Amino acid sequence: MNIILIYPPFSIDRVHIENIEAPPIGLHYLGTLLTEKGYDVELLNWYDVKNMPHIVREALSALRPDLVGFSIFHANRWGGIQLAKIFKDHFPDVPIVFGGIGATFLDEHLLRHFPWIDIIVRGEGERTFPALIHRIEAKKSFDDLPGLSFRAGSSIQRTRDAERVEDLDSLPMPAAHYSFHHLSVSRGCPGKCSFCGSPKFWGSRVRFHSADYFVGQLELLYKKGHRFFHFSDDTFTMRKKLVLEICALIMERKLDITWAAISRVDCIDQEMLKAMRMAGCIQISFGVESGSESIRKELGKTFSEEQIRRAFALTISHGILARAYIIYGCPGESSETIKDTIRLLRIIRPLVTIFHVLSVFPGTSLYELFRSQTGASDDIWLHYEEDMFLFEIDKRLNTDAVAQFGKSLKHALNESIPEFFRSLEFVKDKELFPFHADFLSRMALTLDRGDYPHILPQGVAQDLARELYCKALDYAPDARAYWGLGLLAHAEGDERKAEAILQEGLQLFPEDTNLAKALVNTLRHLGREEEARELIRNRHK
Ligand code: B12
Ligand code: SF4
């Protein structure tokens, strides 16, 4: 049986394509499970086929699917709906199945309005989907299978919820079949944030893979050439013992990787941070959401400002980039609460802050509240291309004011960025000194090469970068710091200084290609072509 799994495109183009280009982790789990059960599975990452109908046509003629599954987030549901229609028009008898968080909480709505969607798998897919395919293959009825929604005559039938997979390690390893860099060790969240559908979807009891399974996946992906990973758990640091085990295994198996994780400010401590840093963690994102306690409370965030401050100070002091998620346009948002957020950001000094306007998703308590207060039905989603922002439905907020809140936040943050970089302070733990150096030179490189030169006044980013490279070398020799300083000297036209720095760096790090290339370039600028060639010859020996 030929099964196609599709990750459909989003309606609205993204500035940051990395937010949508990776197919959902769950599709890799499902594809693997089905492949190991003997099905022919094709996973199509179609996040970008929106305006490319020829790709759809080619796929239709090449693949003769017996079943097509779509993975739906809220924001790509229209992409799924439209593609599903094209498939149905070509293959009227091929079942179309929708799954994922965006389909689960709008099952009835989707089935009612879009007759070409045949079945919706609600919730976690690993139990229900293979069982469904098996029944379809055997031409048997599936109306008693848990976890399904489908049409029965003119009504929509919903079977009871499926049991969740208790032992996550019993699932075959996606890394054995696919190549990806987003992975997670857990499912579930005990939180009660009003804007988040995760607890309802995955359950509030958290289930975990073992460290062995998780690092086993990393190892397979490492062998495929991956060196950077996103640990995409809702809260990676939920279980301390597991985090320590994972970090120990990464080091024991000598995986030379870096990774970013998501945590919670009330779920992190020094011991974990040190282990995480030494095992390659370079970034932790925390949902801070707001500087106003009343807004945090409104959003269901139970932690205190003290906990936020502590988590950021600790994380940064371990040489890990502490990233803050901020939501604005929240219930009760005002210029005063925005000032609170700016005040808090200036205290916790995140080097990166991600701002979101509050969206209202099905499956969240915010959405339920909106429905009960207004009597609105799910059909409201026929009018929204992707997301629905709270300010669009809450009369107490107005569009212009929310746009202004966003501008004020971003402006205040940009103004403070140089100060955040200058004030970096680290724990005085000698074992971590090389990691501090690594962090500082990484940040300096971002300042020098990333978005900052466009955000900061002219020259500020470069001056800061220089400061950080030098500070890095105060902690430990660091190839990136030598390279960066060499390039800065070169940019200033001081080739002799560049040569001295790069030579020093290359003596300490003879294998480093960046240093060698930069030195060759500098020698050429100095008119010493023969020495440049000699350097190249020596490296090829
Ligand atoms: C990792 C992650 C990301 C990564 C994406 C990595 C990736 N490619 O998967 C990044 C950081 C890029 C990201 C970005 C965003 N994310 Co996000 N993200 C998550 C997170 C934390 C984990 C997702 C995950 O991997 N789960 C584990 C895997 C195993 O599950 P899964 O992929 O959903 O698949 C299972 C089931 O859904 C189902 N299934 C899925 N597809 C299919 C298909 C078929 C046919 C079947 C039968 C079953 C099925 O079976 C699978 C196996 O059990 C979730 C929260 C959560 N815990 O789910 C939020 C979450 C999915 N994100 C969310 C949001 C809002 C976003 C953003 C829009 C944020 C923003 N404003 O920019 C962006 C945009 C991304 C987008 N695609 O729209 C929301 C989605 C809400 C919604 N209803 O759509 C969530 C639920 C968090 C929340 N606040 O509520 N995100
Ligand atoms: S936002 Fe994070 S902590 Fe809150 S419920 Fe969602 S996953 Fe849990």
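In this predicted model, lysine 254 is exposed, with a relative accessible area of 68%. The residue sits in the loop that runs between α9 (240–252) and β12 (258–263). Although lysine 254 is not a glycine, its phi is positive, at about 55°. A second non-glycine residue with a positive phi is arginine 349, for which the angle is near 50°. Arginine 349 is likewise placed in a loop, here between α13 and β15 (352–357). Its relative accessible area is 27%, so arginine 349 counts as partly exposed.

Asparagine 45 belongs to strand β2, which covers residues 40–45. Its relative accessibility is 26%, and asparagine 45 is therefore classed as partly exposed. When residues up to four places away in sequence are left aside, the contacts of asparagine 45 are with Tyr7, Glu21 and Pro23. Leucine 145 is 100 residues from asparagine 45 in sequence, and the two C-alpha atoms are separated by 28 Å in space.

Helix α21 spans residues 495–508 and contains 14 residues. From its first C-alpha to its last the helix reaches 20 Å, close to the 20 Å expected at 1.5 Å a residue. Buried positions in α21 are Glu495, Ala498, Glu499, Ile501, Leu502, Gly505 and Leu506. An α-helix has 3.6 residues a turn, so residues three or four places apart point the same way. The cover over the buried residues of α21 includes α20 (479–491), α22 (513–525) and α23 (529–540).

One cavity of 30 Å³ or more is present in the structure. The volume of the largest cavity is about 30 Å³. Its lining consists of Ile342, Leu345, Arg346, Leu409, Ala412, Leu413, Ser416 and Phe420. At least two lining residues come from each of α13 (335–348) and α16 (399–422). The greatest contribution to this lining is that of α16, with five residues. Divided by class, the lining of the largest cavity comprises six nonpolar residues, one polar residue and one charged residue.

The second largest pocket has a volume of about 460 Å³. Its lining is formed by 20 residues, of which Thr104, Phe105, Arg122, Asp161 and Lys200 are the closest to the centre of the pocket. Helices α5 (107–113), α7 (198–202) and α14 (365–374) each provide at least two residues of this lining. Among the contributing elements, α14 gives the most, with three residues. In the lining of the second largest pocket, 12 residues are charged, five are nonpolar and three are polar.

The surroundings of ligand 2 were examined in the same model. The shell around ligand 2 is made up of Cys189, Gly191, Cys193, Phe195, Cys196, Pro199, Asp234, Arg264 and Lys301. Five residues of this shell are nonpolar, one is polar and three are charged. Cysteine is counted as nonpolar in this classification, and glycine as polar. The nonpolar part of the shell therefore consists of Cys189, Cys193, Phe195, Cys196 and Pro199, whereas the charged part consists of Asp234, Arg264 and Lys301.

Methods: Residues are numbered from 1 along each chain as its sequence is written. Chains are lettered from A and ligands numbered from 1 in the order in which they are written. This is a predicted model: local features need pLDDT of at least 70, side-chain atom pairs count only at pLDDT 80 or more; totals for chains, interfaces and linings use all residues. Side-chain values use heavy atoms; hydrogens and water are left out. A residue is near a molecule or strand if one of its heavy atoms lies within 4 Å of it. On a 1 Å grid over the protein atoms alone, a cavity is a set of points where a 1.4 Å probe fits but cannot get out, and a pocket is an open set with protein on both sides within 12 Å along at least five of seven lines; lining residues have an atom within 4 Å of a point. Grid points are joined across faces, edges and corners, and a volume is the space filled by probe spheres set on the points. Helices (H or I, at least four residues) and strands (E, at least two) are DSSP runs, numbered from the N terminus. The expected span of a helix is 1.5 Å times one less than its number of residues. Buried means under 20% relative accessible area, exposed over 50%, partly exposed in between (1.4 Å probe, protein chains only). Contact means heavy atoms within 4.5 Å.
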